[in-house]
Amino acid sequence: MRQKTPALLSVVALTALALTGCAPAGGASASCDRAAGADADLATLVQVSGSSDAAPAVDMPTPFHVDETEYVDVETGDGPAITGMGQAAVLDMTLFDGATGEPIIGTSYSGDETSVGALSQWTTQFPGLEDALQCATEGSRVVAALGEDGISVEARQTYAQAGFPQEGSIIAVVDVRKVYPAAATGSLQYNDGFGLPSVVRAPDGRPGIIVPDAPAPKDLVVQTLIKGDGEKLTDSDTPLVHYTGVLWEEKTVFDSSWETGSPVPFPLDGVIEGFTQGLVGQTVGSQVMIVIPPELGYGEEGQGTIPGDATLVFVVDILGVQDAPAQ
C-alpha cells in the first residue's frame, strides 16, 4: 500500500517553528480525574494572557523553580480527553525560561491541524508533560511547570542553539487543539465469518489477527468489527488510522502502525484499491477487517516484503478524518 508518512510533531526554535459492549480502548475519558494532580496556585503565580489561537504571553516571578512537575488548566475544553501518550493529537506550545520568563521555543500557531503525531513524541523530550497532559481535554490551555526531571538531557542539548537553558525549570503553555482516540471506540458487532480471520484485542485496543488454515477468499471481504458513530468516509477523505496488515498465506504481520506508536493518515485516493473499497462508507470510530485479493492489492508483482499474488488481511481502526493542509 502506498502510504503517506505522517508529519511528526516537532519543537524547533521559536522563530522557525512549524508544528503544529464498547471497544476496550480510546474512550476511557470518564475514568480520568484531572483535578487530582492540578495545582491551583500555579495559575496565580504564572498568569497567561492572549488568545489561545496565538502564542501566549506570561507574567511570572523570576527566577521560577519547581522540584517536580506542576500543572493547571487555565482554560478547560469540552472535547475528548487524553487517556494515554500513545494517542495522536495536535498541540500548540510555547516554552518559557524559568530563570528569565522569556520565551525560548514554541510552535507556529498556524491553525494547521494536519501535523498529527503521538503525544509520546513530546514526552520523550519533555517527560514532565506526561503528567501535565494526562486527562487534559481538547480545547484546553494548560500551564505546566517542569523541573529538572521533566526535561530530558537530549532536549536541552538539541535546542541549546535556540537558547534553551542547560539547567533550571521551564514553563510550558500548551494549547490542546485536537485529540484523537487511541483505538476504535464504537459498538462491537457480530459477524458470521466462517473460514475468515478472527481478531483479538489487547487492553489498549491493539488487534491480533488469527488467519485460519483455509483457502483465501477470491473476492474482497469487508467486515465491520466495531461500529463507530462518526462521519462516513468518502473516497476523497484522508482518515487517520491505526492498522495491522497480515499476509494470508504466511500468516505473518508485514506492516503495523501499532509498532511505531503513531497512527497514520491514508488518503483514500492514493492507496491500493481494496483498501479504498473497504473503508469508503465506514464511519469514524469503527474497526474494520478487510481481506484483499491480489488483483485489488499488489497483483502478481507484489511490493517490498509483500510477495506476488498475496492475499492481504488488514484490521483498521478509523480514528478520525484529517482536514486538507492549509494552502
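Trainee: A salt bridge is a side-chain nitrogen of Lys or Arg within 4 Å of a carboxyl oxygen of Asp or Glu. How many salt bridges does a search of the whole structure find?

Mentor: This is a predicted model, in which local features need pLDDT of at least 70 and side-chain atom pairs count only at pLDDT 80 or more, while totals for chains, interfaces and linings use all residues. Residues are numbered from 1 along each chain as its sequence is written, and side-chain values use heavy atoms, with hydrogens and water left out. Over the whole structure, the number of salt bridges found is seven.

Trainee: What is the mean pLDDT of the chain, and in which strand is confidence lowest?

Mentor: pLDDT is the predictor's confidence in each residue, from 0 to 100; its mean over the chain is 88, and 89% of the residues reach 70 or more. Strands (E, at least two residues) and helices (H or I, at least four) are DSSP runs numbered from the N terminus. Confidence is highest in strand 17 (residues 287-292), at 98, and lowest, at a mean of 32, in strand 1 (residues 12-13).

Trainee: Over which residues is the pLDDT below 50?

Mentor: Contact here means heavy atoms within 4.5 Å. The low-confidence stretch has 92 contacts in the model beyond near neighbours in sequence. The pLDDT is below 50 over residues 2-30.

Trainee: Which strand supplies the largest share of the largest nonpolar core?

Mentor: A nonpolar core is a set of buried Ala, Val, Leu, Ile, Met, Phe, Trp, Tyr and Cys residues joined through side-chain atoms within 4.5 Å; buried means under 20% relative accessible area, exposed over 50%, and partly exposed in between (1.4 Å probe, protein chains only). The largest such core has 28 residues, and L91, F126, L129 and F164 have the most contacts inside it. At least two residues each come from strand 5 (88-97), strand 6 (103-106), helix 3 (128-133), strand 8 (141-146) and strand 9 (170-179). The largest share, five residues, is supplied by strand 9.

Trainee: How many residues does the second, separate core have?

Mentor: This core includes L247, F254, I272 and V316. F254 is found in strand 15 (residues 252-256) and is buried, with a relative accessible area of 18%. Beyond its neighbours within four places in sequence, F254 is in contact with residues including L247, I306, L312 and F314. The number of residues in this second core is 25.

Trainee: Which residue forms a salt bridge with D92, and why does the pair tie together distant parts of the sequence?

Mentor: Side chains of opposite charge can pair when their charged atoms come close. In this salt bridge the closest N and O atoms of the D92 pair are 2.9 Å apart. Because D92 lies in strand 5 and R177 in strand 9, the pair joins parts that are 85 residues apart in sequence. D92 itself is buried, at a relative accessible area of 5%, and its partner is R177.

Trainee: Which residue joins the side chain of D92 in a polar contact of 2.5 Å?

Mentor: A polar contact is a pair of N or O atoms within 3.5 Å; within protein, one must be able to donate a hydrogen and the other to accept it, and residues adjacent in sequence count only if both atoms are side-chain atoms. The partner lies in the loop between strand 6 and strand 7 (117-118) and counts as buried at 5% relative accessibility. This residue is T107.

Trainee: How far apart are the N and O atoms in the salt bridge of R34 and D73?

Mentor: R34 is in the loop between strand 1 and helix 1 (40-45) and D73 in strand 4 (residues 70-75), 39 residues apart. R34 is buried, with a relative accessible area of 13%, whereas D73 is partly exposed at 21%. Their side chains meet, N to O, at 2.7 Å.

Trainee: D97 is buried yet has no salt bridge; which side chain of opposite charge is nearest?

Mentor: D97 lies in strand 5, and a polar atom of its side chain lies 2.8 Å from the backbone nitrogen of A99. For charge, Lys and Arg count as positive and Asp and Glu as negative, while His and the chain ends are not counted. At 7.4 Å from D97, the nearest side chain of opposite charge is R156.
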